[in-house]
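Q: I have a new model open and would like to learn how to read it feature by feature. Could you walk me through it?

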Amino acid sequence: MLSARRVRKGPGRRPKSEARARFVELLAQGWSLRAACAEVGVSRSAGQRWKNGARVRRPDGTVFVVPPLEPLAVRQISPRFLSEGERVKIADLASRGHGPAAIGRELGRAASTISRELRRNLHHSGQYRPFHAHRGTYFLLTFR
């Protein structure tokens, strides 16, 4: 007589290190989180845990931390967008009183690009914050 119970296939879950490596590779190529999860064959919640990290509480009470992926190391931003170094230079020159045209000449970018960057990422205190702006560009590109 056959039992309806599922036969265990091994001692515990199999590690998904190969799938995680492929997931990181797909994100680096510019795939969205949803598409990378579908390609690798994991749920979106698993992909979110891999990307953002998680705390896993084991039955014996110990806590295991899954480290998050380094977001800007995973996703290469196209050279058509301002780099973090360019944004820092914009902040330095803007704090010294240089206008968008002078900053654009210094960086080899159009004055309109610099003007838009300063306008979009101006903090309510009146300061341009380059690292905040760079993180915003990453998330804009990741979740579109």
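Q: Let's begin with the chain as a whole. What percentage of the 144 residues in the chain is buried?
A: Happy to start there. This is a predicted model, and in it 28% of the 144 residues are buried.

Q: Which parts of the prediction have the highest and lowest confidence?
A: Look at the average, then at the elements. The mean pLDDT over the chain is 79, and 78% of the residues reach at least 70. Helix 6 (residues 100-107) has the highest confidence, at 95, while helix 4 (residues 71-74) has the lowest, with a mean of 50.

Q: How many helices and strands does the chain have?
A: There are eight helices and two strands. Going along the sequence, their order is α-α-α-β-β-α-α-α-α-α. You can also ask how far apart in sequence the contacting residues are: of the contacts with a separation of 6 or more, 46% are between residues 24 or more positions apart.

Q: Now the strands. In which sense do strand 1 and strand 2 pair?
A: For a strand pair, read the direction, then the partners, then the connection. Strand 1 (residues 54-57) pairs with strand 2 (residues 63-66) in the antiparallel sense, over four bridges. Among the partners, A54 stands opposite V66, and R55 has V65 as its bridge partner. Five residues lie between the strands of this hairpin, and G61 takes a positive phi near 100° there.

Q: Which residues make up the largest nonpolar core?
A: For a core, list the members and then trace them back to their elements. This one has 11 residues: A19, F23, L26, L27, L33, A36, C37, V40, V42, A46 and W50. Helix 1 (17-28), helix 2 (33-40) and helix 3 (44-52) are the elements that each give two or more residues to this core. A second, separate core has 10 residues, including A91, I103, L107 and A133.

Q: Taking V42 from that largest core, which residues is V42 in contact with, leaving aside its neighbours within four places in sequence?
A: Setting those neighbours aside, V42 contacts K16, C37, G47 and W50. Of these, C37 and W50 are listed in the largest core together with V42.

Q: How should I read the geometry of a helix, and what is the span of helix 5?
A: Compare the end-to-end distance with the expected value. Helix 5 (residues 84-95) has 12 residues and covers 17 Å from its first C-alpha to its last, close to the 16 Å expected at 1.5 Å a residue. Its buried residues are E86, R87, I90, A91 and L93. After helix 5 comes G97, with a positive phi near 100°.

Q: What about charged pairs: how many salt bridges does a search of the whole structure find?
A: The general idea is that side chains of opposite charge can pair when their charged atoms come close. Here the search finds three salt bridges. One of them joins the side chains of R22 and E25, at 2.9 Å from N to O.

Q: Where do R22 and E25 lie?
A: Both are in helix 1, three residues apart, about one turn of the helix. An α-helix has 3.6 residues a turn, so residues three or four places apart point the same way.

Q: Why does R22 count as partly exposed?
A: The band for partly exposed runs between 20% and 50% relative accessible area. R22 counts as partly exposed because its relative accessibility is 32%. E25 is partly exposed too, with 40%.

Q: Which residue forms a salt bridge with E86?
A: E86 pairs with R109, and their closest N and O atoms are 3.0 Å apart. This pair links distant parts of the chain, with E86 in helix 5 and R109 in the loop between helix 6 and helix 7 (111-120), 23 residues apart. E86 counts as buried because its relative accessible area is 16%, and the cut-off for buried is under 20%.

Q: And R87, the next residue: are R87 and E117 buried or exposed?
A: Both R87 and E117 are buried. They form a salt bridge, with 2.8 Å between the closest N and O atoms. This pair also links distant parts of the chain: R87 is in helix 5 and E117 in helix 7, 30 residues apart.

How values were computed. Residues are numbered from 1 along each chain as its sequence is written. This is a predicted model: local features need pLDDT of at least 70, side-chain atom pairs count only at pLDDT 80 or more; totals for chains, interfaces and linings use all residues. Side-chain values use heavy atoms; hydrogens and water are left out. Two strands pair if DSSP finds at least two bridges between them. A nonpolar core is a set of buried Ala, Val, Leu, Ile, Met, Phe, Trp, Tyr and Cys residues joined through side-chain atoms within 4.5 Å. Buried means under 20% relative accessible area, exposed over 50%, partly exposed in between (1.4 Å probe, protein chains only). Contact means heavy atoms within 4.5 Å. The expected span of a helix is 1.5 Å times one less than its number of residues. pLDDT is the predictor's confidence in each residue, from 0 to 100. A salt bridge is a side-chain nitrogen of Lys or Arg within 4 Å of a carboxyl oxygen of Asp or Glu.
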